[in-house]
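Dear colleague,

I am handing over the structure below, and I would be grateful if you could look through it before reading my notes.

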Amino acid sequence: MRLRNSTKISDKHLEQMIEFVDPGISKDTMVEIKPSRRLPSGYSWFRPKKKIGIWMPSKLHYPYRWNVTAASRLPGVVLSEDENLVFLLAHELRHQWQYRRPPRGEWFPGCTSRSHNTHERDACAYAWRKVRAWRKLQPREVYKEFPSPT
Ligand SMILES: [Zn+2]
């Protein structure tokens, strides 16, 4: 994995998160993390290069409330900065995994057709699973103001 990071977040911290969310394909994927003035967002390209990019706002206030569906299974879905990154990295790396045409049985249930929506649903389900797993590993006091994980 090649990391190009122009934010204040440390490379080492980002590498740990990428390792945590990696669906097994990050080795040949370029990861670019950039500061942004807008909301957090990301992209995933497969051609000509295998590359994902994340824009992380430098001035977002945390905890950050996402406007998301019940798919998350986190009550309220209020994320720390790390969780925000875990979500975006997991989501975009999952698209890289999808581009490699993995067996249908390995996609999240109901996500086995190749339409755009099923790609997004699978990537989101995967990313929320990683956010929940990440939160469970953190010390409880970090989450005083956060909803508890389910
Ligand atoms: Zn997506």
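What follows is a short account of a helix pair and two loop residues.

Please bear in mind that this is a predicted model, in which local features need pLDDT of at least 70 and side-chain atom pairs count only at pLDDT 80 or more, while totals for chains, interfaces and linings use all residues. Residues are numbered from 1 along each chain as its sequence is written.

The axes of helix 1 (residues 11-21) and helix 2 (residues 81-99) come within 9 Å and cross at roughly 50 degrees, which makes helix 1 oblique to helix 2. Here helices are DSSP runs of H or I with at least four residues, and strands are E runs of at least two, numbered from the N terminus; axes are lines fitted to C-alpha atoms, for helices over the stretch in contact, with angles from 0 to 180 degrees between N-to-C directions. Angles under 35 degrees count as roughly parallel, over 145 as roughly antiparallel, 65 to 115 as roughly perpendicular and the rest as oblique.

On the helix 1 side M17, I18, F20 and V21 meet L85, V86, L89, A90 and L93 of helix 2, contact meaning C-beta atoms, placed from the backbone, within 7 Å.

As for the loops, R47 and P48 are joined by a cis peptide bond with omega of about 0 degrees, and P48 sits in the loop between strand 3 (41-45) and strand 4 (51-57). R101, in the loop between helix 2 and helix 3 (116-136), has a positive phi of about 50 degrees although it is not a glycine.

With kind regards

Methods: Contact = placed C-beta atoms within 7 Å.
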